[in-house]
Amino acid sequence: MTDSEHLYDVRECTGNPEHPSVGDVVDLVFERAENPRVDHQDAHLDEAIATVVDRYGSETVRTIIQRVLVDAYPFRTATAGLDVDNIDGVRIGTTAVQVLEELNARQDDS
């Protein structure tokens, strides 16, 4: 895959310093796992990711986010070799993409 074929606008793929890094995404995912939002349309994602982080640990979740956003793994196969249920890979991937889109939208608004 070439740089122009990246799936997600994350700094490690685009080389654009204006795009959030995987670390930015991971930090916000973990922040929301620790402090789930209430009365927010995506509160269910915060609660789901909190459960997943508790179940598998932060390094495993970080690895899956890296695989999804940078290495272009499909959500379910990003769990390969990590002893993580495929459905939890979908939860992690969905949350990571949503957070990345939110961070990119913030950049666009500034």
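This text goes through the nonpolar core, one helix pair, the salt bridges and two single residues of a predicted model. Residues are numbered from 1 along each chain as its sequence is written, and side-chain values use heavy atoms, with hydrogens and water left out. Local features need pLDDT of at least 70 and side-chain atom pairs count only at pLDDT 80 or more, while totals for chains, interfaces and linings use all residues.

The core comes first. In soluble globular proteins, nonpolar side chains tend to be buried together. Here the largest nonpolar core has 28 residues. Such a core is a set of buried Ala, Val, Leu, Ile, Met, Phe, Trp, Tyr and Cys residues joined through side-chain atoms within 4.5 Å. Buried means a relative accessible area under 20%, exposed means over 50%, and partly exposed lies in between, with a 1.4 Å probe and protein chains only. Helices α2 (22-34), α3 (43-56), α4 and α5 (86-109) each supply at least two residues of this core, and the largest share, 7 residues, comes from α2. Helices are DSSP runs of H or I with at least four residues, numbered from the N terminus. Within the core, the residues with the most contacts are V25, I65 and L69. V25 itself touches I65, L69, A96, V99, L100 and L103, if residues up to four places away in sequence are not counted; a contact means heavy atoms within 4.5 Å.

Next is the packing of α4 on α5. Two packed helices are described by the angle between their axes and the distance between the axes. For α4 and α5, the axes come within 9 Å and cross at roughly 65°. The axes are lines fitted to C-alpha atoms, for helices over the stretch in contact, and angles run from 0 to 180 degrees between N-to-C directions. The two helices α4 and α5 are therefore roughly perpendicular to each other, a class that covers 65 to 115 degrees, whereas under 35 counts as roughly parallel, over 145 as roughly antiparallel and the rest as oblique. The crossing of α4 and α5 is right-handed, that is, the near helix is turned clockwise from the far one by less than a right angle, and anticlockwise would be left-handed. On the α4 side the contact is made by V61, I64, I65, V68 and L69, which meet I92, G93, A96, V97 and L100 of α5.

S58 lies in this same helix α4, which spans residues 58-69. S58 is partly exposed, at 33% relative accessibility. With residues up to four places away in sequence left out, S58 touches F30 and V53. From S58 to D109, 51 residues along the chain, the C-alpha separation is 30 Å.

The charged side chains form 7 salt bridges in the whole structure, each with a side-chain nitrogen of Lys or Arg within 4 Å of a carboxyl oxygen of Asp or Glu. One of them joins D24 and R11, at 3.7 Å from N to O. D24 lies in α2 and R11 in α1 (residues 11-14), so this pair ties together parts that are 13 residues apart in sequence. D24 is partly exposed at 33% relative accessible area, and R11 is partly exposed at 32%.

Another salt bridge joins E102 and R32, with an N to O distance of 2.6 Å. E102 in α5 and R32 in α2 are 70 residues apart, and the pair links distant parts of the chain. Both partners, E102 and R32, are buried, with E102 at 19% relative accessible area. The contacts of E102, residues up to four places away in sequence not counted, are L28, R32 and R37.

D88 and R55 form a further salt bridge, their closest N and O atoms being 3.0 Å apart. D88 is in α5 and R55 in α3, so the bridge ties together parts that are 33 residues apart in sequence. D88 is buried at 1% relative accessibility, whereas R55 is partly exposed at 48%. Salt bridges that share partners also join R32, E102 and R106 into one network.

The last residue is H19, in the loop between α1 and α2. H19 is buried, at 17% relative accessibility. Outside the residues up to four places away in sequence, H19 touches D9, V10, R11, T14 and N104. Between H19 and L100, 81 residues apart in sequence, the C-alpha to C-alpha distance is 9.1 Å.
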